Amino acid sequence: MRSVPFIGRRDERRVLQDLLDGVRDGRSGTLVLSGEPGTGKTSLLDRVAASDPDLRVVRIFGVESEMVLGFAALHRLLRPWLTGIDALPAPQRDALRTAFGGLAGGAPADRYLAGMAVLTLLADAAVAQPLLCVVDDAHWLDRASAEVLAFVARRLHAETIGLVFATRPQGDTRRPGLGVLDGLPTLTVPGLSSDDAGNLLTASITGRLDGAVAAKLVDGTGGNPLALVELAGSLSAEQLTGTAPLPQSLPVGTLLESHYQRQIEQLPAETRELLLLVSAAPPDDATLLWRAAAHLGVAADRADPALAAGILTDSLDFRHPLIRSAVYRGAGATDRRRVHAALAAVSDPVLDLDRHAWHRAEATIGLDEAVAAELERASESARTRGGYAEQAAFLSRAAELSPDPRDQAARLVAAARAHLALGEPRAARALLDRAERGLADPVPRALARQARATAQIYSGRFTDVPAMLLAAAESIAGQDAGLARKMMFEALQAIVFSDDRATTVTLRDLARQVLASPAAQTPAPTHTDLFLTGFATRTAVGYRAAVPLMRAALAALNTAENLAEECLPLAVISAFTAEDVWDDEAGRAAWQRLEAHDRANGALGTLLTTLMVGATWEMRAGRFAAAAARHDELAELSDVLRQAHPRIQQVELLAWSGREAEARAAATADVGFDDVINNSLAVLEIGLGRYAEALTALLPSFERDMPGVANRSLHDIVEAGVRGGDHEAAKAALARMLERVPVSATPWGLGLLARCRALLADDDAAEPLYRESADQLAKTQIKIEEARTHLLYGEWLRRARRRADARVELRTAYDMFTKMGATAFAERARTELTATGERPQDREAPVTHGLTPQEKQVATLAAAGATNTEIAARLFLSTSTVEYHLTKIFRKLAITSRRKLAAALGDDG
């Protein structure tokens with residue numbers, strides 16, 4: 001085929017060159033080339049791959065026939081570095097080995113932890129030579145590979161790695177998962193300009209070209225360069241000179257495939273069969289290809305006509321990725337089944353179960369239980385690797401091949417659950433609808449109900465979810481008690497997350513059903529079982545009976561050997577439990593255990609919730625900067641995972657910080673957790689001295705008495721009631737505290753109770769209660785409440801005209817609040833202190849040194865003694881990025897040693 005010069009694309013080449021220059025200079029970069037078939041994406045990639053000898057280039061392409069095989073493309077990309085997997089940090093190593101099928105057992109590979117393993121491998125490789133990874137036909141990537149590579153793309157920063165994807169526009173593909181690339185830097189590749197298209201057309205022919213014909217060709221193809229080149233080689237001399245008419249349809253888009261198919265049809269039958277085999281076989285596996293060819297009786301020299309026609313290159317790659325698609329799609333169904341049967345025959349059914357099962361399925365027409373059963377076994381293998389898209393495809397195909405309607409229904413339900421693991425509720429619901437008639441047995445029916453409930457949650461509709469889950473649990477309580485308890489726990493989580501005013505089943509309804517269910521009675525309850533019965537007992541029986549269960553749940557969580565099988569985040573339930581029994585020690589331990597687990601296992605989805613809860617515990621300890629750092633990390637990870645940024649707990653930090661406008665704006669951004677948000681806003685009102693407004697926000701929570709949420713507001717109701725003149729509300733809240741706090745008997749609860757009693761006590765009884773409150777709270781990590789006790793005690797002393805004593809307490813409160821950053825309460829302490837005749841010294845606000853949120857996180861961890869590797873693992877970064885950040889941090893802080901970090905950061909970290 002005649003060589004054609006590369007013409008035009010100046011803007012696109014400049015963008016790509018800028019990316020390469022950045023990689024050469026030590027940075028990283030990502031780019032998605034998006035364009036219709038034939039617009040020149042592959043030619044651009046060819047050019048960029050050959051343009052810089054200083055870069056090591058690794059290139060792969062998505063293959064339509066392989067898109068159901070999880071991690072297949074990723075395995076091909078990493079082939080040069082697979083020997084380095086064993087040197088990865090253990091969690092990353094195990095995740096990647098599991099993803100590639102080399103580690104049996106355990107939890108499925110987490111796609112984000114596998115992504116960190118890929119980032120680490122590539123970053124280590126780039127140390128020796130800057131690296132460019134090129135992914136062509138990304139719209140045909142298997143879903144698991146696409147998700148991992150998209151994650152890597154969003155974490156690249158300073159590793160000297162370039163990552164370039166080429167793909168069709170989202171609307172031009174049937175791939176449901178291609179959206180994982182959304183949000184990455186994208187360059188649209190349109191048709192060539194008229195001048196460049198004309199020059200390309202002229203350069204592509206040897207004879208004369210009529211100007212009017214050239215204009216028609218350029219206009220008719222929209223400047224599509226591949227269409228122009230193919231036309232130049234296929235039109236007759238008479239057509240090019242205008243003496244014969246042009247074809248009615250010019251080859252653009254899908255017409256290009258038809259154009260290639262016509263070329264392929266002119267080749268000998270055995271050559272066409274070999275081409276079909278090449279299109280369906282795994283790339284870069286010549287051994288398997290030739291074994292399958294031998295099985296078909298196709299000789300190797302049957303490739304020669306395709307080589308001569310320019311269809312294949314010397315390495316048996318298709319000259320253009322579009323030809324691969326044209327070959328596979330253009331073949332008849334019988335021919336495709338014959339090729340897949342050959343590939344199945346030469347694949348190892350043990351070592352390569354997935355490929356063997358899929359090729360065998362693609363070779364099957366009609367019903368076949370043996371093939372369906374093999375697909376089901378392969379789907380389980382895919383699940384253990386974290387290949388949920390592969391699992392869903394295998395199970396869906398297995399259902400199509402199942403002769404027994406019950407087997408078909410069960411496989412459809414399992415496929416739906418795999419789609420839910422991918423966050424695809426619409427696809428899951430469609431499969432569940434198909435399964436409905438065949439669900440004759442209770443357990444599959446219950447699993448289908450559970451899946452429908454989960455699909456509702458993904459769609460943001462909680463209304464019917466608890467009822468669906470409870471009905472499912474009740475239907476199998478006598479057959480599978482463990483699964484029934486799990487479903488009831490999910491119902492509890494749904495109510496807690498959504499607020500039971502938004503659901504058809506209330507927490508009280510759930511509590512009664514749980515306690516009446518035979519499934520709830522188990523001799524060896526897990527921590528989730530104890531949380532479930534604890535909340536149910538608290539709601540339906542009473543506080544005193546629930547406290548031992550709640551404490552046992554926290555203790556069991558903090559000593560549990562395995563947290564990997566949890567279905568939903570535990571951080572919120574554990575935090576609410578700790579708040580309900582005023583146990584900050586167990587609550588903080590649970591949060592720290594969960595966060596350590598999430599980080600070690602790359603469980604970024606649940607880490608979002610854990611970070612949110614951790615920010616609250618840090619804020620209560622007076623470490624507002626540490627709380628803000630967790631919110632910053634939460635926001636960053638939300639962007640990486642393309643999930644909404646939950647701001648519920650941020651409202652509380654903003655309220656305590658006295659940032660009124662921001663707190664109110666954040667409060668309107670979230671749905672659910674209304675009582676939590678109202679409690680946070682009440683703190684803001686109390687800090688500003690608006691007690692009536694605080695009570696308005698708090699009293700609905702008091703009336704509903706939800707576990708965790710209600711008890712956290714009792715002391716605020718007492719203070720707002722006393723200061724705002726509503727003594728009845730204050731006395732009602734105190735009465736509830738007097739009933740409950742002695743049962744829990746923790747320093748946190750006892751300290752708050754003593755303070756509330758002091759607020760309502762006569763003057764001669766108040767002082768020892770204030771002292772008791774300060775002493776008890778000093779034993780805890782709830783420093784914001786300890787500071788409030790000093791403030792309230794100081795205010796009481798000033799009103800008692802004991803100015804000297806008042807100054808001690810108010811100065812303590814002022815210093816504590818100012819150091820934390822609790823602006824409104826600090827101002828209240830300053831006002832009171834000034835009224836005693838003392839002029840408080842201004843404390844400077846914490847210095848940020850101009851560090852970005854991520855730089856602050858790196859600096860804080862490094863100051864605490866963490867190594868670069870430990871920091872990288874904790875923040876899901878590469879060590880190269882950590883080193884890059886530390887260089888900038890040292891420059892901003894004007895230091896040269898990690899030993900000086902703590903002093904340079906001061907106390908605000």
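Two strands count as paired if DSSP finds at least two bridges between them. That rule is a handy way into this structure, which is a predicted model.

By that rule, β1 (residues 29–34) and β4 (residues 161–167) are partners: they run parallel and are joined by 6 bridges. Within this pair, L33 has A166 of β4 as its bridge partner, and V32 is matched with F165 of β4. On another flank, β4 pairs with β3, again in the parallel sense, over 5 bridges. Here V135 stands opposite F165 in β4.

Zooming out, these strands belong to an open sheet of 5 strands, in the order β2-β3-β4-β1-β5, with parallel pairing. β2 (56–61) and β5 (186–188) sit at the edges, each pairing on one side only. From one strand to the next, the twist averages 15°. Helix α1 (residues 10–24) is laid across β1, β3 (131–136), β4 and β5, and runs at about 160° to β1.

How is β4 placed with respect to the rest of the structure? The strand is largely enclosed by it, because 7 of the 7 residues of β4 are buried. Both of its faces are covered. I161, L163, F165 and T167 are buried on one side, while G162, V164 and A166 are buried on the other. Just ahead of the strand, T160 lies in the loop between α6 (143–155) and β4. T160 has a relative accessibility of 15%, so this residue counts as buried too, the cut-off being under 20%. Setting aside residues up to four places away in sequence, T160 touches V23, G26, R27, S28, A126, P130 and L131.

Next comes the packing of nonpolar side chains. In soluble globular proteins, such side chains tend to be buried together. In this model the largest nonpolar core has 181 residues. F165 of β4 turns up again here, as one of the residues with the most contacts inside that core, along with L96, L122, L492, L510, W656 and F817. Helix α5 (residues 111–128) gives the most to this core, supplying 11 residues. Apart from it lies another core, this one of 35 residues, including L274, L276, A293 and A306.

What does W656 touch, once its neighbours within four places in sequence are left aside? Its contacts are M619, F624, V683, I784, E785, R788, F817, G821, A822, T823 and F825. F817, in that list, is also among the residues with the most contacts inside the largest core.

Two helix pairs give a feel for the packing elsewhere. The axes of α36 (residues 714–724) and α38 (residues 747–760) come within 10 Å and cross at roughly 15°. The two helices are therefore roughly parallel to each other, as angles under 35 degrees are classed that way. The crossing of α36 past α38 is left-handed. On the α36 side, H715, V718, E719 and V722 make the contact, meeting L752, R755, C756, L759 and L760 of α38.

The second pair is set at another angle: α31 (residues 624–641) and α43 (residues 853–863) pack at about 125°, with their axes 10 Å apart. α31 and α43 are therefore oblique to each other. Residues A625, A629, D632, E633 and E636 of α31 make the contact with P853, Q854, K856 and Q857 of α43. As for handedness, α31 passes α43 in a left-handed crossing.

Finally, two single residues are worth a look. Q391 is part of helix α19 (residues 388–401). Is Q391 buried or exposed? At 9% relative accessibility, Q391 counts as buried. Leaving out neighbours within four places in sequence, Q391 is in contact with S379, A382, R383 and A418. Q391 and A415 are 24 residues apart in sequence, and their C-alpha atoms are 6.9 Å apart in space.

A560 is found in a loop, the one between α27 (543–559) and α28 (571–580). A560 is buried as well, with a relative accessible area of 14%. With residues up to four places away in sequence not counted, A560 touches H527 and R593. T668 lies 108 residues from A560 along the chain, and the C-alpha atoms of these two are separated by 37 Å.

How values were computed
Residues are numbered from 1 along each chain as its sequence is written. This is a predicted model: local features need pLDDT of at least 70, side-chain atom pairs count only at pLDDT 80 or more; totals for chains, interfaces and linings use all residues. Side-chain values use heavy atoms; hydrogens and water are left out. Helices (H or I, at least four residues) and strands (E, at least two) are DSSP runs, numbered from the N terminus. Axes are lines fitted to C-alpha atoms, for helices over the stretch in contact, and angles run from 0 to 180 degrees between N-to-C directions. Contact means heavy atoms within 4.5 Å. A nonpolar core is a set of buried Ala, Val, Leu, Ile, Met, Phe, Trp, Tyr and Cys residues joined through side-chain atoms within 4.5 Å. Buried means under 20% relative accessible area, exposed over 50%, partly exposed in between (1.4 Å probe, protein chains only). Angles under 35 degrees count as roughly parallel, over 145 as roughly antiparallel, 65 to 115 as roughly perpendicular and the rest as oblique. A crossing is left-handed if the near helix is turned anticlockwise from the far one by less than a right angle, and right-handed if clockwise.
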